[in-house]
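Colleague: I am new to reading structures, and I would like a close look at one single part. Please start from one residue and its helix, then show me how they fit into the rest of the chain.

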Amino acid sequence: MGFRLDFKENQKIEADKSYMFCPNHTSLLDPFVLIALSKNPIVFVGKKELVKIPVFGFFYKKVVIMVDRSSLESRKRVFKMAKERLQNGVSMAIFPEGLVPEENVVLAPFKKGAFSLAIEFEIPIVPQTYYDCKRFFSWDIFKGRPGILRVKQHEFITTKNKTIKEDLLDIKEETFAILKNDLENDFEYMKDTNRKK
């Protein structure tokens with residue numbers, strides 16, 4: 001598709017360990033960026049509505065645990081399936097915003113699911129910042145082009161000896177702050193986020 005990756009990492013992934021990847025979400029391109037970067041098998045959790053997209057939806061439903069966010073039963077089923085996969089030593093990826101926000105939003109509020117699973121299985125959270133997917137491959141059909149996609153992998157957030165009751169909100173807020181601060185300090189990302197319609 002004409003994209004190249006410029007990947008910077010503050011901490012490296014170990015090939016034989018499980019992780020919870022938590023990138024910001026701005027584009028349909030985001031999951032493919034994560035797959036291209038990963039040395040580990042990854043299971044994604046994503047919204048079921050994306051199955052309707054031609055071609056993309058066919059592959060999406062084969063590799064993603066789908067969730068209907070309006071259904072409590074669906075959310076419970078996702079949690080059960082995710083637990084089964086993590087017991088097999090794979091990594092998991094959840095975009096904690098739960099959706100692709102409007103283009104003028106820097107970072108949407110985070111849902112709790114990724115952090116609950118990470119704490120339960122004591123797997124590190126891997127915050128990743130995607131700076132350019134929105135600009136180069138957005139929902140706006142009049143915008144986009146090939147280019148270099150910059151990605152930063154931050155230091156991992158440990159969940160060892162943490163509890164859902166005591167620590168979930170703090171870990172969620174810490175992850176959010178890392179990504180939001182990084183995005184707000186990136187000139188190109190903010191210029192695109194604040195562009196005139």
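Modeller: Let us start with Ser116, which lies in helix 4. Helices (H or I, at least four residues) and strands (E, at least two) are DSSP runs, numbered from the N terminus. Before we go on, note that this is a predicted model: local features need pLDDT of at least 70, side-chain atom pairs count only at pLDDT 80 or more, and totals for chains, interfaces and linings use all residues. Residues are numbered from 1 along each chain as its sequence is written, and side-chain values use heavy atoms, with hydrogens and water left out.

Is Ser116 buried or exposed? With a relative accessible area of 12%, Ser116 is buried, because buried means under 20% relative accessible area, exposed over 50% and partly exposed in between (1.4 Å probe, protein chains only). Ser116 has company in helix 4, where Ala114, Phe115, Leu117, Ala118 and Ile119 are buried as well. Now look across to Ile164: 48 residues separate it from Ser116 along the chain, yet their C-alpha atoms are 6.1 Å apart.

Follow helix 4 to its end and you meet Glu122, whose phi is positive, near 50°. Glu122 is partly exposed, at 36% relative accessibility. Glu122 also forms a salt bridge with Lys160, with 3.9 Å between the closest N and O atoms. Since Glu122 sits in the loop between helix 4 (113–121) and strand 6, and Lys160 in the loop between strand 7 (148–153) and helix 6 (164–184), the pair ties together parts that are 38 residues apart in sequence. By salt bridge I mean a side-chain nitrogen of Lys or Arg within 4 Å of a carboxyl oxygen of Asp or Glu. The general idea is simple: side chains of opposite charge can pair when their charged atoms come close.

How many salt bridges does the structure hold? There are ten. One of them joins the side chains of Lys152 and Asp182 (4.0 Å, N to O). This pair links distant parts of the chain, since Lys152 is in strand 7 and Asp182 in helix 6, 30 residues apart. Their surroundings can be compared too: Lys152 is partly exposed at 24% relative accessibility, whereas Asp182 is buried at 15%. In addition, Asp132, Arg135, Arg150 and Asp186 are joined into one network by salt bridges that share partners. Another bridge is the one between Lys12 and Glu9 (2.8 Å, N to O); here Lys12 is exposed, with a relative accessible area of 59%, while Glu9 is partly exposed at 28%.

Next, visit His25, in the loop between strand 2 (20–23) and helix 1 (30–37). His25 is buried, at 11% relative accessible area. Its side chain makes a polar contact of 2.7 Å with that of Asp30. A polar contact is a pair of N or O atoms within 3.5 Å; within protein, one must be able to donate a hydrogen and the other to accept it, and residues adjacent in sequence count only if both atoms are side-chain atoms. Leaving aside residues up to four places away in sequence, His25 touches Asp30, Phe95, Glu97, Leu99, Val100 and Pro101, where contact means heavy atoms within 4.5 Å.

Asp30 brings us to helix 1, in which Asp30, Pro31, Val33, Leu34 and Leu37 are buried. These residues lie on the same side of helix 1, because they cover an arc of only 160° around the axis. The arc is that of the directions from the helix axis to the C-beta atoms.

Finally, step back to the whole chain. The protein chain has seven helices and seven strands, and buried residues make up 46% of its 197 residues. How far can you trust the picture? The mean pLDDT (the predictor's confidence in each residue, from 0 to 100) is 84, and 79% of the residues reach 70 or more. Among the elements, strand 6 (residues 125–130) has the highest mean pLDDT, 98, and helix 2 (residues 56–63) the lowest, 62. Where pLDDT is low, the predicted coordinates should not be read in detail.
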